[in-house]
Each structure stands twice: as structure tokens, then as C-alpha cells.
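Here is a set of short exercises on one protein model. Try each task before reading its solution.

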Amino acid sequence: IDEAGDSGMKLKEGSTSCFVIALVVFEDQDEADACDQRIELLKRERGWTTDSEFHFTRNSNRTRDMFFDAVRLYNFFYYGIVINKDPKRLWGPGFQNKSSFYKYACRLVFENAKDKLADAIVVIDESGTTEFKNQLAQYLRGKIGGSSRRLIKKIKQQNSRSNNLLQLADYVSGAIYRSTQTHKVEFDRFRKKISHREMFVQIWPK
């Protein structure tokens, strides 16, 4: 799971127009391992070192194309939530508070995916924002204890530089975020490359 954009509401002062969370799910460990290895191989094909990191916002369109072409064949699927920060649609004191904002966004994406989760191991980027990590962990701990079946088995924090599948989550969240930027040329180009892996991406509020 990873995020794109920020939770700030000061759009005129540089806050992003939306906030995105992407949840990438592998149902089969062997398939996850194979995808992991393919991403590692792509680094060598690009002439990168093993500690290099794919990062959607920092990479070129050529690298983005190569990445999505490499991973799209593997059997994963993803959910996403896009919080539209239009002040005319998103109002109320709760959204001015980062803690409340993150917690609500986390709840939406996991509620949408809960039918696919059973004893899941959730991996969070330990280098992500503190608010995101804290609120996601708090929400997941509640789900562990509050569900009739155990949705989450374990929560792990790892550095995305050493976890290729977190880099995949970064790319998916980046592609979703980019698809909301309709003023840009080919805004939905990268999301289209993995559209066959998309389960549900909710835009809230409409």
C-alpha cells in the first residue's frame, strides 16, 4: 500500500488537488515473488544498481512505460481511493485535521477491498509520511480486533528502496493520481496499461 499527493487543504499554496491511496493485492505468494524478481531484473536491464528505486514521480515516461509493461503480466489486482479536495465538495472541520483525513481515507480503501482480504500481510513504506503510517496502522489494528473474521494477519513496515512490491504500489498510486490530472497530455496513459488489474478506484466525493 502506498500514497500519492498530500492531505493539505491549502490548494492555493501548493497542496495537491487530491490525495490517493493504492492497495495492491497478490493472492499467491509465488506470483508476488515472480513479480518481485521481474522488477529486480528490470533494474539490471536499465543498468541500475540493486539498491536503486523505481519512483513514479521521479522517473521518466520511458521508464514508466518499461515498468508497467514488465509488471502488467503478473497476477495482481488493485484498489484505490481518490479524495477530491475541491473545497466546494469537501468541507467540515474533520478534513482540516490530518489525523482525521488520513484515517478516513484509509477506511474507505480497506472497506472497498475487505471482501478480498483474509489473513492478509500488509506492507507499508516505512519512509512514508508519519501521519499516513500512524493512521493506517491504527485503522488496521482496529480491523484485526473488530471483524468476525481476521482480515489482517500482520502489519509490516519496510523501506521501499529494498522492497520492489512497495515500488509497484508507488507506481500504481502514481498512475491513479496522474489520471486525475486531466489538463495534462495523456493523463490516463499509465493507468490504461494496468486497467485489467483494476478492481475498483473510488473518487470521493463525486
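## Exercise 1: A loop residue with a positive phi

Glu-186 sits in the loop between H5 and H6. Helices (H or I, at least four residues) and strands (E, at least two) are DSSP runs, numbered from the N terminus. The model is predicted: local features need pLDDT of at least 70, side-chain atom pairs count only at pLDDT 80 or more, and totals for chains, interfaces and linings use all residues. Residues are numbered from 1 along each chain as its sequence is written, and side-chain values use heavy atoms, with hydrogens and water left out.

**Task.** Describe the backbone and the exposure of Glu-186, then do the same for Asp-119.

**Solution.**
1. Start with the backbone. Phi of Glu-186 is near 50 degrees, a positive value in a residue other than glycine.
2. Recall the general rule. Most residues other than glycine have a negative phi, and most peptide bonds are trans.
3. Sort by exposure. Buried means under 20% relative accessible area, exposed over 50%, and partly exposed in between (1.4 Å probe, protein chains only).
4. Glu-186 has a relative accessible area of 47%, so this residue is partly exposed.
5. Turn to Asp-119, in the loop between H3 and E4. Its phi is near 55 degrees, again positive in a residue other than glycine.
6. The relative accessibility of Asp-119 is 38%, so Asp-119 counts as partly exposed.

## Exercise 2: The overall layout

**Task.** Find how many helices and strands there are, and in what pattern they follow along the sequence.

**Solution.**
1. Count the elements. The protein has 6 helices and 6 strands.
2. Read along the sequence. The pattern is β-β-α-α-β-α-β-α-β-α-α-β.
3. Check burial. Of the 206 residues, 48% count as buried.
4. Look past the last strand. Pro-205 lies in the segment after strand E6 (198–204). The peptide bond from Trp-204 to Pro-205 is cis, with omega near -15 degrees.

## Exercise 3: The nonpolar core

**Task.** Identify which elements supply at least two residues each to the largest nonpolar core, and which gives the largest share.

**Solution.**
1. Define the term. A nonpolar core is a set of buried Ala, Val, Leu, Ile, Met, Phe, Trp, Tyr and Cys residues joined through side-chain atoms within 4.5 Å.
2. Find the best-connected members. The largest core has 28 residues, and those touching the most other members are Phe-67, Phe-68, Val-71, Tyr-78, Leu-168, Val-172 and Ile-176.
3. List the suppliers. At least two residues each come from E2, H1, helix H2 (61–71), strand E3 (77–84) and helix H5 (164–179).
4. Pick the main one. H5 gives the largest share of this core, 7 residues.
5. Add the general rule. In soluble globular proteins, nonpolar side chains tend to be buried together.

## Exercise 4: Salt bridges

**Task.** Compare the places of two pairs: Glu-40 with Lys-43, and Asp-65 with Lys-193.

**Solution.**
1. State the rule. A salt bridge is a side-chain nitrogen of Lys or Arg within 4 Å of a carboxyl oxygen of Asp or Glu. By this rule the count is 11.
2. Take Glu-40 and Lys-43. Their closest N and O atoms are 3.9 Å apart. Both residues lie in helix H1, 3 residues apart, about one turn of the helix. Both are buried.
3. Take Asp-65 and Lys-193. Their N to O distance is 3.6 Å. Asp-65 lies in helix H2 and Lys-193 in helix H6 (residues 189–193), so this pair ties together parts that are 128 residues apart in sequence. Asp-65 and Lys-193 are both buried.
4. Widen the view. A network of salt bridges links Asp-65, Asp-69, Glu-186, Arg-189 and Lys-193. Glu-186 from the opening exercise is one of its members.

## Exercise 5: Two buried residues

**Task.** Are Leu-117 and Tyr-139 buried or exposed?

**Solution.**
1. Place Leu-117. It is in the loop between helix H3 (98–113) and strand E4 (120–125).
2. Leu-117 has a relative accessible area of 6%, so Leu-117 is buried.
3. Place Tyr-139. It lies in helix H4 (residues 130–146).
4. Tyr-139 has a relative accessible area of 9%, so Tyr-139 is buried.
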